[in-house]
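I opened the model today to look at its cores, its backbone oddities and its rings. My notes follow.

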Amino acid sequence: MEATPHGLRYHPFLFSKEMSSEIFTECWGFDGRRRGTITGNDGPRVTIFTKNQDHPEIIGRILSVLREAGLLRTNPMQISVNVYESNDWWMVPHKDGRGKEALIMSFGSDAVIEFHHRPRTFDHQITRTEVYIQDTTDESERTRMSEKGISPAGGSHVKMLLESGSLLHVSEEAFTDWTHGIPKRDKEILGEDILNLELTKSKPGDEIVRSSRVSIVVWPLDEK
């Protein structure tokens with residue numbers, strides 16, 4: 001599926017139910033840490049593997065699935081394993097500062113990811129992340145982030161549902177000109193504004209109850 005913004009492609013059920021459960025269990029045990037400067041105080045536990053670093057066997061199996069599906073044509077520049085231990089752990093709106101595309105895989109609880117339009121403001125050859133305040137952030141968090149010079153997410157926004165075992169491919173305009181983040185919510189009533197709803201098992205009016213989940217993000221090296 002390709003939708004506005006240009007460069008979003010959703011691949012449902014890329015991983016089997018059995019493999020998804022195994023990935024969730026294995027990655028839950030990774031010794032990650034919370035990175036408040038990027039994800040906020042209530043962000044996930046993050047474990048990062050760089051391109052020259054050995055990674056666990058389960059990560060190698062994930063990369064094999066991506067290669068067999070034609071989604072990974074080069075070696076990874078970086079792999080990030082994000083563990084959300086409860087429904088009030090979230091991901092602040094941000095733009096990735098590495099590469100030109102991201103492969104976002106989800107395991108465990110379903111979640112809604114939101115994209116806010118913020119045209120390109122920095123050179124994507126520079127490896128850094130640009131973080132924004134989300135409109136739904138509580139006032140104390142907005143104040144804290146504003147004092148750090150983090151600007152509002154702003155702009156028009158769209159939503160997509162991330163199901164367990166799925167992959168969201170973010171590239172082109174969606175990567176450079178839109179922020180992405182996962183709001184802090186206990187549950188969400190799905191509406192027709194979910195861009196990929198017709199490709200999921202859900203329908204308008206369904207309630208998604210947030211619980212623990214694991215997100216794995218792969219940034220491929222640029223093709224020569």
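**Largest core.** I am working from a predicted model. I started with the largest nonpolar core, which has 25 residues. Phe-15, Ile-23, Ile-59, Leu-66, Val-81, Met-105 and Ile-216 touch the most other members. I then asked which elements feed this core with at least two residues each. They are helices H1 (17-28) and H3 (57-68), plus strands E5 (76-84), E7 (101-108) and E16 (213-220). H3 gives the most, six residues.

I looked up the contacts of Ile-216, leaving out residues up to four places away in sequence. Its partners include Ile-23, Cys-27 and Ile-62. Ile-79, Ser-80 and Val-81 are also among them. So are Leu-103, Ile-104, Met-105 and Phe-107.

**Second core.** I found a separate core of 21 residues. Leu-8, Ile-113, Leu-168 and Val-170 are among its members.

**Whole chain.** I counted five helices and 16 strands. Buried residues make up 52% of the 224 in the chain. I took contacts between residues at least 6 apart in sequence; 81% of these join residues at least 24 apart. The chain exposes about 10,300 Å², and carbon and sulfur atoms supply 48% of that.

**Positive phi.** Most residues other than glycine have a negative phi. I noted Phe-13, with a positive phi of about 55°. Phe-13 lies in the loop between strand E2 (8-11) and H1. Its relative accessibility is 42%, so Phe-13 counts as partly exposed. I also noted Glu-172, where phi is positive and near 50°. Glu-172 lies in helix H5 (residues 172-176). Glu-172 is partly exposed because its relative accessibility is 37%.

**Aromatic pairs.** How many aromatic pairs does the structure hold? I found three. Phe-15 and Phe-107 meet edge-to-face, 5.3 Å centre to centre with 70° between the planes. Phe-15 is in the loop between E2 and H1 and Phe-107 is in strand E7, 92 residues apart. Phe-15 has 3% relative accessibility, so it counts as buried. Phe-107 is at 0% and therefore buried.

Phe-30 and Phe-49 are another edge-to-face pair, at 5.9 Å and 80°. Phe-30 sits in the loop between H1 and strand E3 (33-34), while Phe-49 is in strand E4 (residues 45-50), 19 residues apart. Phe-30 counts as buried at 12% relative accessibility. Phe-49 counts as buried at 8%.

**Charges over rings.** I checked two arginines last. The charged end of Arg-34 sits over the ring of Trp-89, 3.5 Å from its centre. Arg-213 lies over the face of Tyr-84, 5.1 Å from the ring centre.

Key:
Residues are numbered from 1 along each chain as its sequence is written. This is a predicted model: local features need pLDDT of at least 70, side-chain atom pairs count only at pLDDT 80 or more; totals for chains, interfaces and linings use all residues. Side-chain values use heavy atoms; hydrogens and water are left out. A nonpolar core is a set of buried Ala, Val, Leu, Ile, Met, Phe, Trp, Tyr and Cys residues joined through side-chain atoms within 4.5 Å. Buried means under 20% relative accessible area, exposed over 50%, partly exposed in between (1.4 Å probe, protein chains only). Helices (H or I, at least four residues) and strands (E, at least two) are DSSP runs, numbered from the N terminus. Contact means heavy atoms within 4.5 Å. Accessible areas come from the Shrake-Rupley method with a 1.4 Å probe; for residues, only the protein chains shown count as cover. Rings of Phe, Tyr and Trp (its six-membered ring) pair if their centres lie within 6.5 Å; planes under 30 degrees apart count as stacked, over 60 as edge-to-face and the rest as tilted. A charge sits over a ring if NZ of Lys or CZ of Arg is within 6 Å of the ring centre and within 35 degrees of the ring normal.
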